[in-house]
Amino acid sequence: MADRIMINSLVPPTWNRLKVNETYVELPASMPRGKTEGTAPVADAEEWKMETGCGEELSAYLAKSGISPVKADARTGELTLIKKDYREDAAEVLCFEAGEGKTLNILMDITSDEDIKAAGILQVLIKAEKDSVVNLTQVIRPGKGLEFINDIGTVISDKAQVNLVQIFKGGSNINAGYRSGLTGEDSYAGCRIGLIRTDGETLDMNYVMKHFAPRSKSEINISGALSKKAQKTFRGTIDFVKGCAGADGAENESVLILDDTVINKTVPLILCTEENVAGSHGASIGKPAEDMLFYMMSRGIDRDKALKILERASLEAAVSHIADPGALEYVMNIIDESREDD
Amino acid sequence: MSEEKTIVDDINRSVYDVIDKEDNATRLEEGLNEDIIRRISEEKDDPDWMREFRLNCLKIYKELKVPQWGPGIDGLDMDHISTYVRPNTRMQTSWDDVPEDIKNTFERLGIPQAERASLAGVGAQYDSELVYHNVMKEVEEQGVVYTDFESALKGEYSDMVREHFMKLLVPTDHKFNALHGAVWSGGSFVYVPKGVKVSIPLQSYFRLNAKGAGQFEHTLIIVDEGADLHFIEGCSAPKYNVANLHSGCVELFVSKNARLRYSTIENWSKNMYNLNSKRAIVEENARMEWVSGSFGSHTSYLYPSTILKGDNSTMEYTGITFAGEGQNLDTGMKVMHVGKNTSSVVNTKSIAKSGGVSTTRTSVQVMPGAKGAKSVVSCESLMVDNISRSDTIPVMDIRTDDADIGHEASIGSIPDDAVFYLMSRGMTEEDARALIVSGFADNVSRELPMEYAAEMNNLIRLEMKGSIG
């Protein structure tokens, strides 16, 4: 018996006819636990309860399936590489804690074989203590048969930073959630996302930056390309809660639409109950500039190849923000490999 | 002589809050049922098709749910709303024939004066019926039809009315369209023939005087090929301690090569639930312009929508919303690009003050095949204090590759340095902040005729009064 779970809810909602208020996913009644090397159960699961982008129903489903949080062994000054290759249904809650003044560099590579039919849920919970930095890079590139949910929650203390870089390429249906609780003064959350969706692939996203503390800052930057019946919905919310005086939140999205068969939905909310804040959103959605294509074609690059170069550029816009050199090299190699495949 | 509204200096809300004694010829009991619908239909001497339409809308109304995505409307109890209140007069074409108290109310609001100074025609609705309607002879001679809706329903243009009535705003769209279809009363019908350019605006003004009543006027405007019209809508009501309801419908048909500008200054009292619907369909090479100022009401749902059906059709929306104490104003716009090479330009501003809640809600949809669509949306919000709330909820749904869509939104506060500068030039802090807010609203006031821009600035000053401390 499958469970029908509501995820990625838009708060507050808007007109129902636009079909962006939430997404429903069907999951097995229970999911087996996934295993990541070097993890250990957290001492007190209650201490890791936090809001995430996908929302309460997913967390409740994981709890019902007995998926208790495990703490990953991430050490300061080292790159922690976590490879998740899905071969069957699996769900996992991975916790990372950066102690005061520490820096964690984490790279996750999510894959699955093309012929595997499975469902995967990965929930990542991050606590960034005072003056700490967490650099999380996720490359999400599963095969067509994996239905994947990637869900993140963070709590960011005084002067701490969480920098997220995500690359979405491949898979069929991917749902992604992210929520930052900017509870510390001068805290920072940044999301840089590169995405390519094609051949009927879907990506449903809900990203929330909740500013509780004074002078907290957040940024969401998305660059991507859609073609061949792909669908993407991006919900991005900057929420200024009363008391976050001096906070600053910005969202930017640039999406290339490469043919007439795609659906691109963008829902960038700014919610505000504090007077002294600065919030902004900018979006640019459309086809590639003809003069740019003309220039490339005049240099001997055919139109299809030129479009591939622009697709790749949309990933590189995000990748360029990867702080750790080792992680950067790893991700660039993946992008280069996929270029050769193309 | 009673107090009159003046252009700039008057910042006295009492102009809007004067209550006339209710001396109604007819006031139907509160609530909504088939008997009430039949009696409204009888009062208005509806043709058979309209009576059946009303009854069908009542069924739809009962089936549909109250929308859950917007501000709460729990304080609106239809069992305590009287849907039809006819004043003790029939429609007149001379102000001299309008009963003294009603005439005085409209004079205080400046309607006869505006008619003399700058309008080609005026319709004035009081509660559920028009009490005055007149159009300049020269405009009439151009073939322009501007009449009350009931006359249009039965006269020479009855087929045209039937062909268009609630075809854009269909009753099944949402519960309050269905309510409107069931109980509508009053409003205007405008037809501008092919090629006719109406050089000065027409205006309808809606005044709801009756306590605990609803106003459900219907406005239908058809601008034929190559024609041009500016239509202005104003509204106000005195404040009561019970809920009043406004649920009007505005349907606009803009034909090939035509242009229509629809301007609204909404200043309902702060016990009003303003659940209004407006939609325009724009044909080839035609242009729709919306200018909207929302200041009043307790709760508003107001999103003028535009269907850019024809190739090369365009739309421009300029709007401002000012939410003060006790107000929850959910406003914005919707546009759907269907034809090729269509374009929309949207510029919204919102101000939240003294605990008011302002939500700017927009949607831009570009349908498959709408090649060459261009849309630019800008939403700016100003938070005047930290007890208010300001939300921006835009949606873009793009389904073609050949589109150029831009969206920008920002939120901020009144800059301290600007207030300091103005105070250093001798202004009080209150005046300095009011001036800055008026400047913020400049995009709308520039689009309005001078008298209306002055009224809007007047309303801003009124709202900003007492904003310090």
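This short talk walks through the contact between chain B and chain A, then a few features elsewhere in the predicted model.

Some ground rules. Residues are numbered from 1 along each chain as its sequence is written, chains are lettered from A and ligands numbered from 1 in the order written, and side-chain values use heavy atoms, with hydrogens and water left out. Because the model is predicted, local features need pLDDT of at least 70 and side-chain atom pairs count only at pLDDT 80 or more, while totals for chains, interfaces and linings use all residues.

Let's start with the interface. How many residues does each chain bring to the contact? Chain B brings 44 residues and chain A brings 40. Contact here means heavy atoms within 4.5 Å. The buried area is about 3400 Å², and carbon and sulfur atoms give 52% of that. Buried area is the accessible area (1.4 Å probe) that two parts lose on being put together, summed over both. Three residues stand out on chain B. W69(B), D401(B) and I411(B) supply 17% of the area that chain B buries against chain A, more than any other three residues.

Now the polar side. Between chain B and chain A there are 19 residue pairs in polar contact, both residues at pLDDT 80 or more. A polar contact is a pair of N or O atoms within 3.5 Å; within protein, one must be able to donate a hydrogen and the other to accept it, and residues adjacent in sequence count only if both atoms are side-chain atoms. By class, the side of chain B that touches chain A has 16 nonpolar, 15 polar and 13 charged residues. Nonpolar means Ala, Val, Leu, Ile, Met, Phe, Trp, Tyr, Cys and Pro; charged means Asp, Glu, Lys and Arg; the others, Gly among them, are polar.

Side chains of opposite charge can pair when their charged atoms come close. Two salt bridges join these chains, where a salt bridge is a side-chain nitrogen of Lys or Arg within 4 Å of a carboxyl oxygen of Asp or Glu. In one of them, D402(B) meets K287(A), with the closest N and O atoms 3.0 Å apart.

Which strand of chain B gives the most to this side? Strand 25, with eleven residues. Strands (E, at least two residues) and helices (H or I, at least four) are DSSP runs, numbered from the N terminus. Strand 25 of chain B also runs antiparallel to strand 19 of chain A, residues 278-286, and eight bridges join them. Two strands pair if DSSP finds at least two bridges between them. Within this pairing, H281(A) stands opposite A409(B).

Last, two backbone points in chain A. Most residues other than glycine have a negative phi, and most peptide bonds are trans. V11(A) and P12(A) are joined by a cis peptide bond, with omega about 0 degrees. P12(A) sits in the loop between strand 1 and strand 2. K159(A) has a positive phi, near 55 degrees. Its loop lies between strand 10 and strand 11.
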